[in-house]
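Colleague: Before you show me the model, I would like to ask how each of your labels is earned. Please set the values beside the definitions as we go.

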Amino acid sequence: MEIFWYIIIAFVLAVFFILDGYDFGTGIVHLFFAKKEKDKQVIAKSAGLFWDSNEVWLVAAGGMLFMAFPTFYASVFSGFYLPLIIVLWLIIFRAIGLEFRGQFNYQMWKDIWDTSFGVSSLLLALFFGIALGNIIRGVNLGGVENGVSAYEGHYFFLPLWNSSFSPLTEHPGVIDWFTIIIGLISVVTLTIHGANWVILKTNSSINLKLKGVIFKFNIALAILTLFSLFMWQIVNPNSLNNFADKPYLLIFPLIYLTGLIGLFFIKKIKKDRVAFLLSTLLILGGITSSLASIFPTILPSINNTHESLTIYNTSTSNYGLSVAFIWGIIGLLLLVIYAIIQKRLLGGKVDDMDYGH
């Protein structure tokens with residue numbers, strides 16, 4: 001049952017980053033590339049019509065984590081308390097940026113909320129990438145210093161950063177040079193995904209320009225990917241062992257590579273859905289490859305005093321997992337049905353659709 005719920009939660013999180021990921025990317029495109037008011041309006045609409053339903057997947061993932069792996073939930077929500085509060089505020093400002101921009105027809109008013117939408121989207125993409133970097137890097141479980149634990153073995157605390165800005169210290173921060181690299185990969189990936197979404201859902205005047213942007217960002221992504229793999233070996237020399245021991249896990253990096261290689265042909269791709277599918281593969285492959293590299297661990301310990309948190313030592317009882325099975329499946333089906341209905345009702349280009357704020 002632990003593996004079942006791990007797969008379900010990983011699926012829900014991946015769907016969240018695919019769906020809300022294009023919202024983040026749309027905000028970044030809106031911030032840096034949309035200059036005309038008509039483009040700004042329609043690009044904001046392409047995110048505004050979908051953001052609230054997309055974030056339901058994050059709520060669902062949090063609820064499932066609390067139900068299936070309560071020890072892990074308690075650990076990360078206490079240890080990452082400060083960055084989680086920052087993420088919460090960024091989600092708030094992104095949403096009100098979308099909802100408030102059309103309330104008054106004053107340029108200064110629109111500029112304020114356009115900036116709120118764009119900057120919040122950029123920082124959310126960065127912080128979610130940094131969060132993934134922390135998960136695969138590991139944390140100092142138990143707050144061990146000189147062999148002595150400051151608290152129980154499944155708890156930890158991280159400052160936002162430490163004086164050395166290094167992941168190799170005994171007490172790393174949330175932000176260091178390694179997690180920043182993963183954060184940048186997240187920003188670049190979601191910008192590509194958001195640009196593909198804008199092209200797919202709008203007739204914006206910058207759509208052709210965005211294909212060139214995607215191509216350039218894809219080159220940057222390829223370089224960052226290779227660089228991150230090299231840096232990951234410095235942070236954790238055993239980071240790729242899972243793929244050597246279980247070759248079938250290589251399917252996940254192959255998914256990522258399919259998206260990465262395919263997007264180098266973005267200027268020749270005629271169907272916008274194909275380009276969007278390729279950037280979807282980037283996100284899906286990146287997340288699943290990261291999780292596969294540490295499986296069955298879900299939060300590595302960087303000290304030798306306390307064992308890493310796994311799907312086995314953080315799960316609830318078998319009885320609890322089995323009772324949740326029926327209700328979890330029902331909830332997931334309702335979520336999928338809701339998403340399908342919404343996407344069908346809002347199918348096609350959104351340029352002429354009404355966004356009532």
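Modeller: Let us begin with the word pocket: on a 1 Å grid over the protein atoms alone, a pocket is an open set of points with protein on both sides within 12 Å along at least five of seven lines, whereas a cavity is a set of points where a 1.4 Å probe fits but cannot get out, and lining residues have an atom within 4 Å of a point. Grid points are joined across faces, edges and corners, and a volume is the space filled by probe spheres set on the points. This is a predicted model, in which local features need pLDDT of at least 70 and side-chain atom pairs count only at pLDDT 80 or more, while totals for chains, interfaces and linings use all residues. Residues are numbered from 1 along each chain as its sequence is written, and side-chain values use heavy atoms, with hydrogens and water left out.

Colleague: How much space lies in the second largest pocket, and which residues are the closest to its centre?

Modeller: The second largest pocket holds about 550 Å³ of space. Its lining has 22 residues, and Leu19, Trp197, Arg273, Phe276 and Lys343 are the closest to the centre. At least two lining residues come from each of α1 (2-32), α8 (177-201), α12 (272-294) and α13 (318-345), and α12 gives the largest share, 5 residues. These names follow DSSP runs numbered from the N terminus (helices are H or I with at least four residues, strands are E with at least two).

Colleague: How does the lining of the second largest pocket divide into nonpolar, polar and charged residues?

Modeller: There are 14 nonpolar, 3 polar and 5 charged residues in that lining. Ala, Val, Leu, Ile, Met, Phe, Trp, Tyr, Cys and Pro count as nonpolar, Asp, Glu, Lys and Arg as charged, and the others, Gly among them, as polar.

Colleague: What makes the nonpolar surface patch, and what is its area?

Modeller: Ile219, Ile223, Ile251, Leu254, Leu257, Ile261, Phe264 and Phe265 make the patch, which covers about 720 Å². A patch takes residues with over 30% relative accessible area and no salt bridge (nonpolar side chains, namely Val, Leu, Ile, Met, Phe, Trp and Tyr, are joined within 5 Å, like charges within 9 Å). The areas come from the Shrake-Rupley method with a 1.4 Å probe, and for residues only the protein chains shown count as cover. Both α9 (207-235) and α11 (251-262) supply at least two residues of the patch, with the largest share, 4 residues, coming from α11.

Colleague: Phe265 lies in the loop between α11 and α12, but why is Phe265 called partly exposed?

Modeller: Buried means under 20% relative accessible area, exposed means over 50%, and partly exposed is in between (1.4 Å probe, protein chains only). Phe265 has a relative accessible area of 48%, so Phe265 is partly exposed. Leu84, in helix α6 (residues 81-100), has 33% and is therefore also partly exposed.

Colleague: How do you know that Arg94 and Asp23 form a salt bridge?

Modeller: A salt bridge is a side-chain nitrogen of Lys or Arg within 4 Å of a carboxyl oxygen of Asp or Glu. For the side chains of Arg94 and Asp23 the N to O distance is 4.0 Å, and they meet in a salt bridge. This pair links distant parts of the chain, with Arg94 in helix α6 and Asp23 in helix α1, 71 residues apart. Arg94 and Asp23 are both buried.

Colleague: What other pairs does the search of the whole structure, with its 8 salt bridges, include?

Modeller: One of them is Glu37 with Arg101, whose closest N and O atoms are 3.5 Å apart. Glu37 lies in helix α2 (residues 37-48) and Arg101 in the loop between α6 and α7, so this pair ties together parts that are 64 residues apart in sequence. Glu37 counts as partly exposed because its relative accessibility is 27%, whereas Arg101, at 5%, counts as buried. Another pair is Asp176 with Arg137, at 2.5 Å between the closest N and O atoms. Salt bridges that share partners also join Asp20, Asp23, Glu55 and Arg94 into one network.

Colleague: What is the omega of the cis peptide bond that joins Phe295 and Pro296?

Modeller: The omega there is about 5 degrees, and Pro296 is in the loop between α12 and β1 (297-299). Most peptide bonds are trans, and most residues other than glycine have a negative phi. Phe165, which is not a glycine, has a positive phi of about 55 degrees.
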